[in-house]
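Subject: Structure handover

Hello,

Here is the structure for your files. My notes on it come after the entry.

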Amino acid sequence: MTHEAWERLERLADEVEATVAPQFHKIDRIAERNQWRVIRAFQKHNVSDYHFAGSTGYGYNDRGREVLDLVYADVFQSESALVRPHFASGTHTISCALFGVLRPGDELLYITGKPYDTLHKVIGKPGDGTGSLADWGVSYREVPLTAGGGVDEEAVRAAISPKTKVIGIQRSRGYDWRPSFTIDEIARMVQLVRSVKPEVLIFVDNCYGEFTEEREPTAVGVDLMAGSLIKNPGGGLAATGGYICGNTAAVEAASYRLTAPGIGGEVGAMLGTTRSIYQGLFLAPHLVGQALRGSVFAAALFERLGYETSPAWDAKRTDLIQAIRFRDKELLISFVQGIQRAAAVDAHVTPEPWDMPGYTHPVIMAAGTFMQGGSLELSADAPIREPYIAYMQGGLTYSHVKLGVLTALSGMQIINKL
Ligand SMILES: *Cc1c(COP(=O)(O)O)cnc(C)c1O
């Protein structure tokens, strides 16, 4: 690309940034308030250098680990928390939370439609032999979303039965073209469910949602919530892990699944991960703000070029994911490849669509990340099928997202029309 063409893109970006300035201001205000909440939690527990030392072996009396749990519990306005590098992924974390609180004969009822892909095998089928929830005799049902992507309140009311032990809510859209659920909407779901069955346990899959708003689901009556440390709350520094927050009894039950009954969260050597998990949490509100700014910029830019985006640039956000609908397969692939070209890591490889296990269509992914699969870092995924939607998320700095989007645009053969 010529210098002149790049300058043309920069001027376009300037105009887009002028348009979205009020949105950036809102994002920065949320980030500041969340930053304070995190700092105050550190201060309340007198976090000091000695907390960052790792532990080995059983990890008994690891004060850094204990205080980390207390800090997370405060930040997420919940009674207890379990924050560990021993959770291998978001799916593993969610699985521990669900297996912790469900027993044979109980029912799990998801009220936000089909859950995230990787949870389908956790839920499983009766007799599948994998030790899935269904294999253990936990039954599962889900209430599909309405055509508009909302919770079908009447159907939820009707679906809750004496067997229903846990209500499942997924905050983020995941990789679906539907709105994500804001904290206000989750609060409304809590009220609805409690009005039918007060004692039911409400679980939220909080992946991608942390720090995008000023409150978290556990602040509005949710009993149990889980997420991944290589997404928002790890702040780009946590190398692996997950967290579970919620009522003390429910978090303890989940801890028995992570380690063993009777042992729970009292063991678990941190193996030198503690400092990065603390520091990542400290950085998370700011980094989430940077990623959100990037999403808003991308949405506004592509809307201006006539593309459909979800959420729209001026919509209220409650997760990091930005979906952009392209007109054809070539533009979609070109966009994803362009994101990779702007990465600091692995920019020399060109992503191609491939048949990923568990997916029915080829998928293309751009992920030039420091942490493998880390999706608080700029990344983009797209199943190669109509309606040709790219899902973009993350970005440790706003500049990186902006450069990624402009680089993608420069390769898309639409630039001459600007
Ligand atoms: C990422 C994600 C998961 C699963 O996390 P992995 O780390 O990929 O296992 C579950 N639910 C939602 C909504 C997610 O975004």
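Below are the notes on the ligand site, the nonpolar cores and two individual residues.

This is a predicted model, in which local features need pLDDT of at least 70 and side-chain atom pairs count only at pLDDT 80 or more, while totals for chains, interfaces and linings use all residues. Residues are numbered from 1 along each chain as its sequence is written, and side-chain values use heavy atoms, with hydrogens and water left out.

Ligand site

The shell around the ligand (residues with a heavy atom within 4 Å of it) consists of Ser89, Gly90, Thr91, Ile94, Tyr116, Thr118, Gln170, Asp205, Cys207, Tyr208 and Lys231. By class, four of these are nonpolar, five polar and two charged (nonpolar: Ala, Val, Leu, Ile, Met, Phe, Trp, Tyr, Cys and Pro; charged: Asp, Glu, Lys and Arg; polar: the others, Gly among them). Helix α3 (residues 90-101) contributes the most to the shell, with three residues; helices (H or I, at least four residues) and strands (E, at least two) are DSSP runs, numbered from the N terminus.

Oxygen atoms of the ligand lie 3.5 Å from an N or O atom in the side chain of Ser89, 2.8 Å from a backbone N or O atom of Gly90 and 2.5 Å from a polar side-chain atom of Thr91. The protein buries 89% of the 370 Å² that the ligand exposes when taken alone (Shrake-Rupley method, 1.4 Å probe).

Nonpolar cores

A nonpolar core is a set of buried Ala, Val, Leu, Ile, Met, Phe, Trp, Tyr and Cys residues joined through side-chain atoms within 4.5 Å; buried means under 20% relative accessible area (1.4 Å probe, protein chains only). The largest core has 96 residues, and Tyr72, Ile167, Ile186, Phe297, Phe302, Phe326 and Phe335 touch the most other members. Helix α8 (residues 274-304) gives the most to this core, with 15 residues. A second, separate core of 28 residues includes Leu82, Leu201, Cys207 and Ala253.

Two buried residues

Leu224 lies in strand β6 (residues 224-228) and counts as buried because its relative accessibility is 0%. Beyond four places in sequence, its contacts (heavy atoms within 4.5 Å) include Ala97, Val101, Leu201 and Phe203. Its C-alpha atom is 9.5 Å from that of Ala254, 30 residues apart along the chain.

Ser375 is in the loop between β10 (363-367) and β11 (379-383). With 6% relative accessibility, Ser375 also counts as buried. Leaving out residues up to four places away in sequence, Ser375 touches Tyr208, Ile230, Lys231, Leu320, Gln393 and Gly394. Of these, Tyr208 and Lys231 are also among the residues around the ligand.

Regards

Methods
A polar contact is a pair of N or O atoms within 3.5 Å; within protein, one must be able to donate a hydrogen and the other to accept it, and residues adjacent in sequence count only if both atoms are side-chain atoms. Buried means under 20% relative accessible area, exposed over 50%, partly exposed in between (1.4 Å probe, protein chains only).
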